[in-house]
Amino acid sequence: MCGIIGYVGRKDACPILVEGLRRLQYRGYDSAGIAVLDGGKLEVRKKKGKLDEGLVALLRAQPVAGPLGIGHTRWATHGPPSDENSHPHLDQSGKIAIVHNGVIENCDRLKRALAAEGHVFVSATDTEVLAHLIGKHYEAKAASPGAERLTQAVCDALREVIGTYGIAVICSDLPDVMVGARRGSPLIIGIGEGENFLTSDANAIVAHTRQAVFLNDYDVATVTRERFDVQNLGADTAQVQISRLEFEAQDAERGAYPHFMLKEIFEQPRAVENALRGRIDAEGATARFGGLNMSAGELRDVERIVIAATGTSWHAALVGEYLIEELAHLPVEVEFAHEFYNRNAPLQRDTVLLVISQSGETADTLGALREAKRRGHRVLSICNVVGSTVAREADGGIYMHAGPEIGVASTKAFTSMLVILSLLAVHLGRMRMLSVHRALEILRGLEAIPKQIESLLAQTAAIKKLALKYAQARDFFFLSRGYTYPIALEGALKLKEISYIHAEGYSAAEMKHGPIALIDPATPTVFLVPKDSMYEKTMANLAMIRARKGPIIAVATEGDTDIASACDDVIYLPATQEPLYPILATIPLQLFAYEIAVARGCDVDKPRNLAKSVTVE
């Protein structure tokens with residue numbers, strides 16, 4: 001959450017910063033701002049609100065120019081959204097500007113100490129405290145030469161800080177220097193020709209360079225237009241690896257679609273194909289992975305898997321639990337990542353932790369990963385962003401290859417997670433007791449999924465009509481059993497996060513234990529009722545809702561001749577293997593939530609109070 005972009009080179013920084021902020025809006029849009037070194041003076045422009053209505057309008061009235069600058073788009077933590085709390089922030093002298101992602105946990109104590117020394121603060125943010133602290137150390141190092149002075153001031157300040165940070169810092173004394181640092185919040189150096197960049201997300205720089213260095217925790221980078229140097233606060237040397245960004249700039253653009261979310265919903269056939277590519281071994285009736293870094297013997301010795309994730313990824317993990325337990329007969333426990341590392345959960349010797357994160361930077365998921373490694377357990381990961389912290393710190397892992405996901409509400413990354421978990425379950429199952437016949441059924445079913453998703457996307461007009469019918473409802477229930485129960489949770493989450501309609505997902509069996517009291521003619525229920533092993537039981541639960549005059553939208557399997565008479569509306573899914581219905585059932589729920597949100601006039605790509613990647617606890 002929050003977005004950072006910094007530029008040093010020979011071009012005018014302002015348009016590069018604004019373009020970068022536009023690409024970073026999904027990481028926060030409470031406010032936006034830039035600081036540019038213009039003729040030896042730091043010029044700061046910042047404004048509450050979304051980029052175009054706020055900062056861009058301000059820059060038209062008060063333009064700035066210069067070859068060095070930093071920018072930020074904010075998701076508020078310390079202090080509400082306001083012009084004063086927007087980044088960048090200046091130090092006491094006005095010479096130093098900083099943008100910051102993360103949370104400084106001891107900022108109150110630091111602020112009191114600085115105030116006692118005469119520092120005056122104009123915002124309620126922890127970031128301004130850090131700016132003043134860096135400025136204090138900068139003034140104390142007047143004898144140090146040039147860039148070294150600013151770098152050492154940043155290092156000294158960060159040694160006093162408790163919390164997380166990704167920062168970019170510039171100083172009016174140094175027209176060719178940016179300093180960046182990270183702990184717990186991503187920061188990337190983009191390497192150009194005669195120009196370099198700092199950013200929290202590669203989307204912001206891929207139009208300018210494909211070469212990047214993903215900084216590690218406690219790294220401090222000094223960046224000029226011609227070079228960069230990295231040191232580490234906790235080690236004698238820093239580990240620096242130049243990576244190539246694997247996606248094109250146009251992959252992170254909306255194109256002809258009205259919203260990124262809709263574009264990414266329609267990219268799911270290709271995303272699934274990418275997740276499957278090269279991973280199906282039909283001859284061995286199994287799946288193959290190149291990055292697990294575990295031998296067949298080591299995988300066979302695993303006695304238990306714990307999956308840690310948050311949000312949408314946690315819903316995917318629940319499906320993974322069903323898949324692995326059925327196909328591989330391995331016990332699986334799904335944990336909220338923050339609960340896993342904040343409590344003393346016992347882990348037996350032969351337990352593997354599997355973490356799932358689209359961004360690879362989710363703070364809670366990283367906490368779970370690091371806690372398991374501290375205990376000596378092997379950690380595997382499923383993530384989308386190559387070079388991300390999760391990918392680097394896990395012992396092995398699987399990339400989704402879904403391409404950049406810009407929409408705050410996850411779509412194609414979620415279905416890619418489900419595909420990879422299905423492959424992983426087959427892979428583990430074939431090492432145990434999964435038959436060739438059953439494995440091939442699942443693998444052939446997976447190969448058919450892209451075309452089946454296309455057939456579901458062809459129902460968009462009908463789903464839009466359905467969405468318009470129910471767009472004014474104030475409450476929704478999403479119900480199912482078995483494999484599609486987690487999809488009921490995901491469908492409810494999608495609806496509430498982009499349309500602001502209150503929605504709850506439940507196991508259909510649980511409705512009669514309390515929530516059914518809320519059913520009335522104004523409360524629609526979405527029932528996921530595919531033709532699976534739970535069909536009859538789910539239909540019995542559906543009848544309970546029907547008896548209480550609750551409107552019912554069923555998501556059922558093509559050819560089901562009984563469902564239409566039992567509900568008000570039906571969306572049909574192509575027939576597939578039971579473990580694969582979660583992938584198909586997800587698609588109409590995404591479209592349904594999207595069309596309702598559009599009908600209600602909501603900003604689908606920028607839902608209120610949300611950001612794409614949660615990098616603070």
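**Local geometry, aromatic contacts and enclosed spaces**

Proline 88 is found in the loop that runs between strand 4 (68-74) and strand 5 (89-90). In this predicted model, the peptide bond leading from histidine 87 into proline 88 is cis, and its omega is near 5°. Such a bond invites a second look, as most peptide bonds are trans, and most residues other than glycine have a negative phi. Two further loops hold exceptions of the phi kind. Histidine 329, in the loop between helix 9 (311-328) and strand 18 (332-336), is not a glycine and yet has a positive phi of about 55°. Tyrosine 500 sits in the loop between helix 16 (485-499) and strand 23 (502-507), and its phi, near 65°, is likewise positive.

Tyrosine 500 also takes part in a contact with a charge. The charged end of arginine 608 sits over the tyrosine 500 ring, 3.9 Å from the ring centre. With a relative accessible area of 27%, tyrosine 500 falls between the 20% and 50% limits and is therefore partly exposed. A contact of this kind is found at tyrosine 138 too, where the charged end of arginine 149 lies over the ring at 3.7 Å from its centre.

Turning to contacts between rings, the structure contains eight aromatic pairs. In one of them, tyrosine 470 and phenylalanine 476 have ring centres 6.4 Å apart and planes at 70°; an angle over 60° makes the pair edge-to-face. Phenylalanine 476 also pairs with phenylalanine 478, and here the arrangement is tilted, with 6.1 Å between centres and 35° between planes. Together with Phe592, the residues Tyr470, Phe476 and Phe478 make up one aromatic cluster. How buried or exposed are these rings? Tyrosine 470 has a relative accessible area of 7% and is buried, and phenylalanine 476, at 1%, is buried as well. Phenylalanine 478 is also buried.

The loop between helix 15 (460-470) and strand 22 (475-480) holds glutamine 472. At 63% relative accessibility, which is over the 50% limit, glutamine 472 counts as exposed. Glutamine 472 and alanine 317 are separated by 155 residues in sequence, and their C-alpha atoms are 32 Å apart in space.

Helix 14 (residues 436-457) offers a check of length against geometry. Its 22 residues, at 1.5 Å a residue, should span 32 Å, and the C-alpha atoms at its ends are indeed 32 Å apart, so the two values agree. Helix 14 nonetheless has a kink of about 40° at isoleucine 449, shortly before proline 450.

Which spaces does the model enclose? Across the whole structure, a search finds two cavities of 30 Å³ or more. The second largest cavity has a volume of about 80 Å³, and its lining consists of Met294, Leu299, Val302, Ile305, Val352, Leu354, Leu380, Leu424 and Leu428. Strand 19 (351-357) and helix 13 (412-430) are the elements that give two or more residues to this lining.

Among the pockets, the second largest has a volume of about 410 Å³. It is lined by 19 residues, and those nearest its centre are Arg22, Gln25, Arg254, Phe260 and Lys606. Helix 1 (13-23) and helix 2 (52-61) each supply at least two residues of the lining of the second largest pocket, with helix 1 giving the largest share, three residues.

Note on methods
Residues numbered from 1 in each chain as written. Predicted model: local features only at pLDDT ≥ 70, side-chain atom pairs only at ≥ 80, totals over all residues. Heavy atoms only, no water. Helix = DSSP H or I, 4+ residues; strand = E, 2+ residues; numbered from the N terminus. Expected span 1.5 Å × (residues − 1). Bend = angle between axes of the 7 residues up to and from the residue. Phe/Tyr/Trp six-rings, centres within 6.5 Å; stacked < 30°, edge-to-face > 60°. Buried < 20%, exposed > 50% of the residue type's maximum accessible area, 1.4 Å probe, protein only. Lys NZ or Arg CZ within 6 Å of the ring centre and 35° of its normal. 1 Å grid on protein atoms, 1.4 Å probe; cavity = no way out; pocket = protein on both sides within 12 Å on 5 of 7 lines; lining within 4 Å. Points joined across faces, edges and corners; volume = space filled by probe spheres on them.
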